[in-house]
Amino acid sequence: MKKLVFAGLLGTIMLSGAMYPMVAQADEASDNAAVENRKMLMDGIGGAMGTLGCYMKGECNLPDPVLANLAKGIAFAAGAAPAAFEPQTPDASVKTTSSADIWANWDDFAGRFPELETAALALADAVGDKGAMGAAMGNLGKNCKACHDEYRTK
Ligand code: HEC
């Protein structure tokens, strides 16, 4: 839908050179929105991981269904991640740590999210057995680190 509106806008602009500066603005605004969207998605994953970590350390007492839902939230976000990362954002002015390698190696990058999803669902399954949860958390955390090492700039 947004793309349709944008295509319409482009058509108008082609007829009116005076409106050209608006194109740049529209690109910046939509690129910034795409960056904020993927950062929020990652922050949701990070928040869930932090809460699960708090439980694992014995600092947060949480009921099993809550723990399972946190893990399932990560799995859901992993499923939504490829679409959130797909738009390239060359005109973004907000801070992003996404490396250009993401789009140069899109299949490798996007292919890591199904693995993240599987690891998160394994964690949800392990709820009720803290030892098994620890192993599943470790495995999940490896997925985060491997991708961040490869595809985030400092
Ligand atoms: C397939 C790659 C990939 C995986 C797997 C991944 N991330 Fe990320 N993550 C990224 C990228 C790329 C960014 C940078 C987003 C940006 O700034 O545009 C990011 C950013 C973040 C951020 C910072 C968001 C912000 O507001 O700047 C957090 C927190 C985060 N990830 C947590 C996690 C956790 C926790 C996991 C594992 C459970 C994880 N990520 C798994 C690619 C990944």
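Let me start with one residue: Cys 144 has 17 C-beta neighbours inside 10 Å, so Cys 144 counts as partly exposed. The cut-offs behind that word: a residue is buried if 20 or more other C-beta atoms lie within 10 Å of its own, exposed if 12 or fewer, and partly exposed in between, with C-beta atoms placed from the backbone. Cys 144 sits in helix H6, and its C-alpha atom is separated by 7.8 Å from that of Leu 116, 28 residues away along the chain.

Before we go on, some housekeeping. What you have on screen is a predicted model, where local features need pLDDT of at least 70, side-chain atom pairs count only at pLDDT 80 or more, and totals for chains, interfaces and linings use all residues. Residue numbers start from 1 along each chain as its sequence is written.

On confidence, pLDDT is the predictor's own confidence in each residue, on a scale from 0 to 100. The protein chain averages a pLDDT of 90, and 84% of the residues score at least 70. One stretch to flag is residues 9-17, where pLDDT stays under 50 and the model has six contacts beyond four places in sequence. A contact here means that the C-beta atoms of two residues, placed from the backbone, lie within 7 Å. Where pLDDT is low, the predicted coordinates should not be read in detail.

Now the overall layout. The protein chain has six helices and zero strands, so from the N terminus on it reads α-α-α-α-α-α, the elements being DSSP runs numbered from that end, with helices (H or I) of at least four residues and strands (E) of at least two. Buried residues make up 20% of the 154 residues in the chain. Of the contacts with a separation of 6 or more, 69% are between residues 24 or more positions apart.

Next, the ligand. Which residues come closest? Of the 24 residues that surround the ligand, the closest are Met 42, Gly 46, Ser 98, Cys 144 and Cys 147. A residue counts as near when its C-beta atom, placed from the backbone, lies within 6 Å of the molecule. Helix H2 (20-56), helix H5 (106-126) and helix H6 (130-151) are the elements that give two or more residues to this shell, and H2 supplies the largest share, eight residues. By class, the shell has 13 nonpolar, six polar and five charged residues. For the bookkeeping, Ala, Val, Leu, Ile, Met, Phe, Trp, Tyr, Cys and Pro count as nonpolar, Asp, Glu, Lys and Arg as charged, and the others, Gly among them, as polar.

Let's stay with H5 for a moment. H5 has 21 residues and reaches 31 Å from its first C-alpha to its last, close to the 30 Å expected at 1.5 Å a residue; that expected span is 1.5 Å times one less than the number of residues. Its buried residues include Phe 109, Phe 113, Leu 116 and Glu 117. They pack against helix H3 (64-85), helix H4 (101-104) and H6. Just after H5, Gly 128 takes a positive phi of about 110°.

That brings us to the core. The largest nonpolar core has 23 residues, and those with the most contacts inside it are Ala 71, Ile 74, Ala 78, Ala 120 and Leu 123. Such a core is a set of buried Ala, Val, Leu, Ile, Met, Phe, Trp, Tyr and Cys residues joined through C-beta atoms within 7 Å. The elements that give two or more residues to this core are H2, H3, H5 and H6, and H3 gives the most, with nine residues. Leaving aside neighbours within four places in sequence, Ile 74 is in contact with Ile 45, Ala 48 and Ala 120.

A few more individual residues, if you'd like to click along. Lys 72 is found in H3 and is partly exposed, with 17 other C-beta atoms within 10 Å. The C-alpha atoms of Lys 72 and Leu 123 are separated by 8.5 Å, with these positions 51 residues apart along the chain counted as their spacing. Met 40, in H2, counts as exposed because it has 12 C-beta neighbours inside 10 Å.

Last one: is Tyr 151 buried or partly exposed? With 18 C-beta neighbours inside 10 Å, Tyr 151 is partly exposed. Tyr 151 belongs to H6 and touches Ser 98, Ser 99, Asp 101, Ile 102 and Phe 109, not counting residues up to four places away in sequence.
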